[in-house]
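Q: Hi! Could you take a close look at one part of the structure below for me, and then work outward from there to its surroundings?

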Amino acid sequence: MSVGYRPVLWNANKLWYDGALGLFVGLYLILFLRYAPGLLESPVIGGAELRMRAFGSCAFLMLTIILCIGPLARLDTRFLPLLYNRRHFGVMTFFVATAHLWAVSGWYLAFSPLDPWVALLVSNTDISFLGFPFEWLGMAALAILFTMAATSHDFWLHFLSPPIWKRLHMLVYLCYGLVVMHVALGLLQSETGTAYPLMVGLSLLAVAGLHLTAGSVEAKRDRQQVVVTADGDWIKAVRIDSLTPDHGHPVALPNGERVAVFRYGETGEKISALSNVCAHQNGPLGEGKIVFGCVTCPWHGFQYDPETGRSPPPFTEKVPTYRVRRDGDFVMIDTKALPAGTPTPPILLTDGPA
Amino acid sequence: MSKRPFFVGYLGMPRALAMFLAVVVGVLLGTGAVVATVIVEGQRDWGDGGFQWGEGQQTRTGIVMADPYPILFLPPDADHPFGRTIPLSGVGKTGVQKIAREMQGKPVDVSGVVLRRDDFEMIQVSGNEGLVAAADPAPVAGWTGPDIETLGRVTLKGELLDSKCFHGAMRPGQGKTHKLCANLCLIGGVPLTFLIRRADGSVESLLMADPAGMEITGALLDYVSQAIELTGELERRGDLLVFKVDPGTVRRL
């Protein structure tokens, strides 16, 4: 959280994150370029071509990992720290992918009277499926990576608004699809061994499998929620004794929205409900926790007062709140969201037995 | 539930979480190492062709022909009863059509850097000074180039390539990933060849031509670096096979 903009807001965890990221990329490239060729009896490929493949495969692997982090964190919250600084992961991926383009343009596109950029676009005009200029797909994917890297800063998040920013950054899935096709219509047409299709297949399996699993688990959890009876716009949402003090409890409403219910206070005597969607990057507040008296998003630590949905001063973020009341052992929630930042009285368990 | 570690980026890292993340980072590093090794190990052997920089500038004396693509024919000798054929290219992704046409059918000295792949040789001509009238035409005196022998109409399966990268200017110098580079070479005037693989695994590189024996690059550019089938007349010129095809016979495989 910040009240101003800086190029990069470093902290110890981000430094560790970026250090590990640099180590990953560095080791991958060194192994690929320096040591792995030595494992062979004879070199089978030129050095420039090896650099193309090193940067390209590294970017593909990084993109695969980036896409796996989200569902992994949904399935096991211990992966959330990987999501915390994922933007740096994405920016680094853009730079590695750019290095791939640089390696290609410095070799396959070089030594020609044609300008390399013109050559990239016009040299191959065969638009049959197998002959398709796969380079165009790679360029489109790189353009998406650039767009996401260039707008990754929180300035753009606020400037574009979180919903638009989120939609823009969902293009990462299109980017991944383009990269898969770039590889399928390029490298997989040239290399006949099983290693390459196996790698691409494992990547697809990991990305698709984790997303389907996480979606399935969440859908199952939503279906199991207790909505015993309805009273106008109010629903009987959750048993009070099932709420863990200081931890969020996501509730799916009949209209498809999610609400984050929190039991908090010195003795866990209060219950409030907020929108489940963090104002920062739409993180799941219902999987967050009360820290320093505030609802804290598990993704980037943005905080909100549970009774008002407002970030503590001097921060200005706010999320919608929901009216709550008690019905015996249950928390009742009014499904009509109040405007973001609207103060709402909590349920006070001191008024009666929980 | 209440004891699960909760991570807030700007606060300290819970110890239990740090241990877990250390394992995750280790797994990711190991995955990267395995992927890098498997990808490098899984590559095809793209041949041992390449520029023979160590041999320095080489000069060959023979008869130059400009069509369908610039070729230097060396006269027969004891080791080469049919003579030898050396395709010619310019520096980079260029051909030497203009200068070869000026010297068409004449004895010339060709100087440049040799590219060699197995038994195949090519010369990257060193500028205009690299293709000049033979200083001593004696080695080719009385010889005007190889006879042309017609071998009949054939249908062959193979891959269209730019001869320079095939000889090792790039490795891989064939296949889909190289198509863009190949097209640039061919547009620049590098001889177009058709690589076929015999049943015993050995390969033969045929020089392409249209039915009239002229260059055919533009008509076949879309089919470069793909498995295709072509039908045409095959003829032998010394140790060179020339494949004269009608572009309409091309079929993707």
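A: Happy to! Let's begin with a pair of facing residues in this predicted model: V295(A) stands opposite Y304(A), which belongs to β8(A). The strand to start from is β7 of chain A, residues 294–296, and 2 bridges join β7(A) to β8(A), with the two strands running antiparallel. Stepping back one level, β7(A) is the middle member of an open sheet of 3 strands in chain A, ordered β6-β7-β8 and paired in antiparallel fashion. Its edges are formed by β6 (289–291) and β8 (303–304) of chain A, each of which pairs on one side only.

Staying with chain A for a moment, there is a backbone detail to look at in S161(A). Its phi is near 85°, a positive value in a residue other than glycine. You will find S161(A) in the loop between α7 (154–160) and α8 (162–169) of chain A. With a relative accessible area of 25%, S161(A) falls above the 20% limit for buried and below the 50% limit for exposed, so the residue counts as partly exposed.

Now for the partner chain. Chain A brings 73 residues to the contact with chain B, and chain B brings 51. Together the two chains bury an area of about 5,700 Å², and carbon and sulfur atoms account for 67% of that area. On the chain B side, F6(B), K176(B) and L180(B) supply 14% of what chain B buries against chain A, more than any other three residues. For the polar side of the picture, there are 25 residue pairs in polar contact across the interface, with both residues at pLDDT 80 or more. The salt bridge count between the two chains is 2. One of these links K179(B) to D126(A), where the closest N and O atoms are 3.7 Å apart. Helices α1 (15–41) and α4 (179–188) of chain B each give at least two residues to the side that touches chain A, and α1(B) makes the largest contribution to that side, with 16 residues. Sorted by class, the same side of chain B holds 27 nonpolar, 14 polar and 10 charged residues.

Leading up to α4(B) is a loop that deserves your attention. Q174(B) sits there, between α3 (163–169) and α4 of chain B. Its relative accessibility is 6%, under the 20% limit, so Q174(B) counts as buried. Setting aside neighbours within four places in sequence, Q174(B) touches R44(B), W46(B), R117(B), E159(B), L161(B), F166(B) and L195(B). The loop between α3 and α4 of chain B also holds P172(B), and the peptide bond joining R171(B) to P172(B) is cis, with omega about 10°.

Another cis peptide bond joins D67(B) and P68(B), with omega about 0°. Here the proline, P68(B), lies in the loop between β2 (58–65) and β3 (71–74) of chain B.

To finish, look at S225(B). Phi of S225(B) is near 65°, again a positive value in a residue other than glycine. S225(B) is placed in the loop between α5 (217–220) and β11 (227–237) of chain B. At 7% relative accessibility, this serine is under 20% and therefore counts as buried, whereas S161(A) is partly exposed.

Notes
Residues are numbered from 1 along each chain as its sequence is written. Chains are lettered from A and ligands numbered from 1 in the order in which they are written. This is a predicted model: local features need pLDDT of at least 70, side-chain atom pairs count only at pLDDT 80 or more; totals for chains, interfaces and linings use all residues. Side-chain values use heavy atoms; hydrogens and water are left out. Two strands pair if DSSP finds at least two bridges between them. Helices (H or I, at least four residues) and strands (E, at least two) are DSSP runs, numbered from the N terminus. Contact means heavy atoms within 4.5 Å. Buried area is the accessible area (1.4 Å probe) that two parts lose on being put together, summed over both. A salt bridge is a side-chain nitrogen of Lys or Arg within 4 Å of a carboxyl oxygen of Asp or Glu. A polar contact is a pair of N or O atoms within 3.5 Å; within protein, one must be able to donate a hydrogen and the other to accept it, and residues adjacent in sequence count only if both atoms are side-chain atoms. Ala, Val, Leu, Ile, Met, Phe, Trp, Tyr, Cys and Pro count as nonpolar, Asp, Glu, Lys and Arg as charged, and the others, Gly among them, as polar. Buried means under 20% relative accessible area, exposed over 50%, partly exposed in between (1.4 Å probe, protein chains only).
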